[in-house]
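Me: I would like to take a close look at one part of this molecule, a single helix and what lies around it. Could you walk me through it step by step, and explain each term as you use it?

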Amino acid sequence: MSKAVHKHIVHSVVLFISSLVTIIVLSELSFRGYIYLKFGPVAFRPPIMTSDPKLGWRMIENISIHTTCLDASGKQYELSFSTSSGGFRKYPLRLEKHQRILFIGDSFTAANDVSDSKTYYSLVGDAIGTTIFAYGCGGYGSLQEYMILDEYLDAISPDVVVWQFCYNDFFDNSWPMARERGNEMRRPFLSEDGKIFYAGSNNDSSLRHFLSKYMLLTRRLFEKAYEIESYIGMRFNFEQNINEIGLRHEGFRQSVQTTRKIMSMVRNRIPKARIVAFSVDNTQPYLDQFQEIAKEQQIEFIDGIGSAIQNAEDRGITVRSSDKFHWNETGNSICANLIVCYLRSTPGATVPYGGQ
């Protein structure tokens, strides 16, 4: 090959790569401009979770975010989001002597799109005049929530623990189910013999992870591909199968047993304290299983919160954030009102944890 030909090939390759990079950068900048105009600065807020060797991931502590958000209807509102010690959404600096309630859950309790004072647990605390602690983290299963409880229980000494369920807990509590659903982040799981093991990938060096983390355009393309796969049945078809056959689905049945063991661990960790649970949705057959597990473990269950949210939505009330799944301030308010009504109607059930 002559030097002239070699030089021409090198020049062509460099030109191609330069053009490709330029197109990618311009496309990314254009997409970021579009996202900013449509959703505002909330789309660019800093990360709120970080990897953790024990839990898989957890909330970042002591962060403060002030921005604007859009709810599911496109209405804009101000967001004031913060975490405190340990990544808690609420952890009072002063531990008052009156009753303490600890709320534990997943992304609905993390409430990423709800201001500190508008979360359901803050509203509960304001209504009944008690000290509130709250920890929620997106994507958490029941075992991770138990591990948070175990880590902080003795320091908080709550009188009441409020446990927030979501139907997808059954997918997050089982490695085969999580993998089937495409959630392969590394996290702890509970084996059949009651031992904790870790499964999933935490490979932050992969090209897909890099593109998803730093480029909004490719992240959105991956999300769209995921939605298309779901729509045509390549993903989540097992959920439809569960809806049809319930506990006859082997994976779901095993996950129910695992969830039962985890909630037994919760009850054994606080054998005399009051535990109150609720589900953010009324999806079947999952809701029935939550209720049965709660009954077995002498956990009180607040029924109707998921139905109340759905009924409000059916009446045209906007109860969800821009992702059309999690609650906005209105959804949190509906949930808080029902929890307050329940706690006020059953005041005699409280057994102080500190009195064990």
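Reply:
**One helix and its surroundings**

Asp172 is buried because its relative accessible area is 8%, where buried means under 20% relative accessible area, exposed over 50% and partly exposed in between, with a 1.4 Å probe and protein chains only. Before going on, please keep in mind that this is a predicted model, in which local features need pLDDT of at least 70 and side-chain atom pairs count only at pLDDT 80 or more, while totals for chains, interfaces and linings use all residues. Residues are numbered from 1 along each chain as its sequence is written, and side-chain values use heavy atoms, with hydrogens and water left out.

Asp172 belongs to helix 5, which covers residues 169-172; helices (H or I, at least four residues) and strands (E, at least two) are DSSP runs numbered from the N terminus. Leaving out residues up to four places away in sequence, Asp172 touches Gly139, Tyr140, Gly141, Asn183, Arg187 and Phe189, and such a contact means heavy atoms within 4.5 Å.

Helix 5 leads to the helix you asked about, since helix 5 is among the elements that cover the buried residues of helix 11. Helix 11 spans residues 286-296, and its buried residues are Tyr286, Leu287, Gln289, Phe290, Ile293 and Ala294. They lie on the same side of helix 11, because they cover an arc of only 160° around the axis, the arc being that of the directions from the helix axis to the C-beta atoms. It helps to remember that an α-helix has 3.6 residues a turn, so residues three or four places apart point the same way. Besides helix 5, the cover over these buried residues includes strand 7 (160-165), helix 9 (237-245), helix 10 (250-269), strand 10 (274-279) and strand 11.

The two ends of helix 11 also deserve a look. Ahead of it, Pro285 sits in the loop between strand 10 and helix 11, and the peptide bond that runs from Gln284 to Pro285 is cis, with omega near 5°. At the other end, helix 11 is followed by Gln298, which has a positive phi, near 55°, although Gln298 is not a glycine. This residue lies in the loop between helix 11 and strand 11, and Gln298 counts as exposed because its relative accessibility is 67%.

Next comes an enclosed space that touches this region. Rolling a probe the size of a water molecule over the atoms shows where empty space is left. The search uses a 1 Å grid over the protein atoms alone, on which a cavity is a set of points where a 1.4 Å probe fits but cannot get out, a pocket is an open set with protein on both sides within 12 Å along at least five of seven lines, and lining residues have an atom within 4 Å of a point. Grid points are joined across faces, edges and corners, and a volume is the space filled by probe spheres set on the points.

By this search the structure holds one cavity of 30 Å³ or more, and the volume of the largest cavity is about 50 Å³. Its lining is made up of Ser279, Asp281, Asn282, Leu287, Phe301, Ile302, Asp303, Gly304, Ile305, Gly306 and Ser307, and one of these, Leu287, is also among the buried residues of helix 11. Strand 11 (300-302) and helix 12 (305-314) each supply at least two residues of this lining, with helix 12 giving the most, three residues. Sorted by kind, the lining of the largest cavity has four nonpolar, five polar and two charged residues; here Ala, Val, Leu, Ile, Met, Phe, Trp, Tyr, Cys and Pro count as nonpolar, Asp, Glu, Lys and Arg as charged, and the others, Gly among them, as polar.

Finally, helix 10, part of the cover over helix 11, takes us to an open space, the second largest pocket, which holds about 260 Å³. This pocket is lined by 14 residues, of which Leu190, Ser191, Glu192, Gln254 and Thr258 are the closest to its centre. Helix 6 (175-180), strand 8 (187-190) and helix 10 each supply at least two residues of the pocket's lining, and helix 10 gives the most, with five residues. The lining of the second largest pocket divides into five nonpolar, seven polar and two charged residues.
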